[in-house]
Amino acid sequence: MFSISNKSIDINNLKQQVDNPQSGGFVSFEGWVRNHNCTADTPRKAVLELHYEAHEKLALQVGNAIIDAAMQKFDINAACCCHRVGRLQVGDVAIWIGVSADHRQAAFAACEYILNQTKATVPIWKNEFYRDGESGWVEAKP
């Protein structure tokens, strides 16, 4: 399941969604808002906050298709991903992915696949707000 939240991500609830007694491995990824920008083509700037925007209906369709593809491509038992939208502060969780599988290798591979596909194809946009008063949209790169 892929979801979008305008509130803090409830990691415990999401983890319960992928809990499976058949699974011997569980992998999760948390993407946090960092206190600086991280693009190679611009000078490092101090980040105060981020604003994420999404085309929600399309984002849910694309995101759920990514989860479905991961379920088919990898030998996993369950997967979910939640992405925040709205205003986020430094340290907030912006994206959470959880995958359970019989074996850890499949869970790791599926988690990385979901993250990369989400960043590359889901219509969610990030606007960074900097300490110097400027802001800038950030191009997603897997």
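In what order do the 4 strands of the open sheet lie, and is their pairing parallel or antiparallel?

## The open sheet

In this predicted model, the strands follow the order β5-β3-β7-β8 across the open sheet, and the pairing is antiparallel. The edges are formed by β5, which covers residues 86-89, and by β8, which covers residues 135-138, each of these strands pairing on one side only. From one strand to the next, the twist averages 25°.

The pairing of β5 with strand β3, which runs over residues 47-54, can be followed in some detail: these two strands are joined in the antiparallel sense over 4 bridges. Within this pairing, E49 has Q89 of β5 as its bridge partner.

## Helix α3 and its length

Helix α3 comprises 18 residues, from 104 to 121, and the distance from its first C-alpha to its last is 26 Å, which is close to the 26 Å expected at 1.5 Å a residue.

## The two faces of α3

The buried residues of α3 are A106, A107, A110, C111, I114, L115 and T118. Seen down the helix axis, these buried residues fall within an arc of 160°, and they therefore line one face of α3. On the face turned away from this buried side, α3 carries the exposed residues F108 and E112.

The cover over the buried residues of α3 is contributed by both strands and a helix: it includes β1 (2-5), β2 (25-32), β4 (76-84) and β6 (93-101), together with helix α2 (56-73).

Note on methods:
Residues are numbered from 1 along each chain as its sequence is written. This is a predicted model: local features need pLDDT of at least 70, side-chain atom pairs count only at pLDDT 80 or more; totals for chains, interfaces and linings use all residues. Side-chain values use heavy atoms; hydrogens and water are left out. Two strands pair if DSSP finds at least two bridges between them. Axes are lines fitted to C-alpha atoms, for helices over the stretch in contact, and angles run from 0 to 180 degrees between N-to-C directions. The expected span of a helix is 1.5 Å times one less than its number of residues. Buried means under 20% relative accessible area, exposed over 50%, partly exposed in between (1.4 Å probe, protein chains only). The arc is that of the directions from the helix axis to the C-beta atoms. Contact means heavy atoms within 4.5 Å.
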